[in-house]
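Biologist: I should be grateful for a close look at one part of this model, the surroundings of the ligand. Which residues come nearest to the ligand?

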Amino acid sequence: MVVMSTPRNIVILTGAGISAESGIDTFRGGGGLWEQHRVEDVATPEAFARDPNLVLRFYDMRREAIQTKEPNAAHYALARLDREWAKRAGGEVLIVTQNVDDLHERGGALNVLHMHGEHLKAWCTSCDRRHRWTGPLLHRPECPTCGMQALRPDVVWFGEVPYRMDEIYRAVSEADLFVSIGTSGAVYPAAGLVRTARDLGVQTLELNLERSQGSAWFHETRLGAATEIVPAWVE
Ligand code: BJW
């Protein structure tokens, strides 16, 4: 095995594949969300400006659906690692997720950074406040802070800057191991993190059902369903 056996600090990047076995659709590939909806129609600021009802309906539907889903064995395994790593190895684990669901948190993980935002939050573009939001946005509810009807899903669309990139790059630069789980490597800047890690001399491991687009950059790749290979890696 190339990947070092005793890392201290670990950065784990997760994508839609980790939630697939919880029943949440991935984006690309057969049956994925982008097969049923054109990205340009629902996941860009231009789409929201052009047809807000279409976009809000798409996100209302997904916000409702994720609340019926449960974390799976992969989420629970990462949560265990997150909670126990300081005691086991004296280091830190940061879970950087591209997912907008809350299954890492509901699985018990503490150190989770949502670089593409969260379904269960609404962002007021008038006063710039964010609110926990579980209901629909379609009928333009008022912002609880400023009263304006200017709430949108708190997610990062194409052309927008993902959240907390400085923190993510800092964590990667302080890591001994970078692990990518269940992401196609099709979307930047997340897809570029493995190269950043490699350039800094960080060991890299990919866990995925199929090889990602950036697979060649990883020191090691293990293929399989997340609910099997993630718990096996954590133990
Ligand atoms: C399993 C499994 C199982 C299945 N077990 N595994 C040209 C070159 C480079 C970049 C660009 C370019 N043109 C434009 C760009 C930029 C653009 C981009 O990357 N475009 C690409 C299409 C080329 N990026 C942006 O616009 C981003 N912003 C940006 O770049 O700002 C400038 C900047 C640069 C540098 C630093 C800072 C800023 C913003 C991207 C926003 C992405 N938003 C979305 C939607 C979020 C809201 C929502 O949910 O609707 O985020 S798009 C969508 O893709 C979502 C995901 O987080 C993201 C990644 O998808 P993911 O997770 O990889 O899912 P899939 O479906 O692709 O893959 C699933 C994987 O799971 C597969 O690998 C399967 O094998 C696996 N799997 N079942 C294990 N059971």
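Modeller: Around the ligand there are 35 residues, of which Gly15, Gly17, Phe27, Gln98 and Ser184 come nearest; a residue counts as near if its C-beta atom, placed from the backbone, lies within 6 Å of the molecule. The model is predicted, with local features needing pLDDT of at least 70 and side-chain atom pairs counting only at pLDDT 80 or more, while totals for chains, interfaces and linings use all residues. Residues are numbered from 1 along each chain as its sequence is written.

By type, the shell holds 19 nonpolar, 12 polar and four charged residues. Here Ala, Val, Leu, Ile, Met, Phe, Trp, Tyr, Cys and Pro are nonpolar, Asp, Glu, Lys and Arg are charged, and the others, Gly among them, are polar. Domain 1 (1-24 + 71-116 + 162-235) and domain 2 (25-68 + 119-155) each supply at least three residues to this shell, the bounds coming from an automatic or database domain assignment.

Turning to the strands, an open sheet of six strands follows the order β3-β2-β1-β7-β8-β9, with parallel pairing. Strands are DSSP runs (E, at least two residues), numbered from the N terminus, as are helices (H or I, at least four); two strands pair if DSSP finds at least two bridges between them. Because β3 (112-114) and β9 (220-223) each have a single partner strand, one side of each is left without a neighbour in the sheet. Within the sheet, five bridges join β7 (residues 177-181) to β8 (residues 203-208), and leucine 177 has glutamine 203 as its bridge partner in β8.
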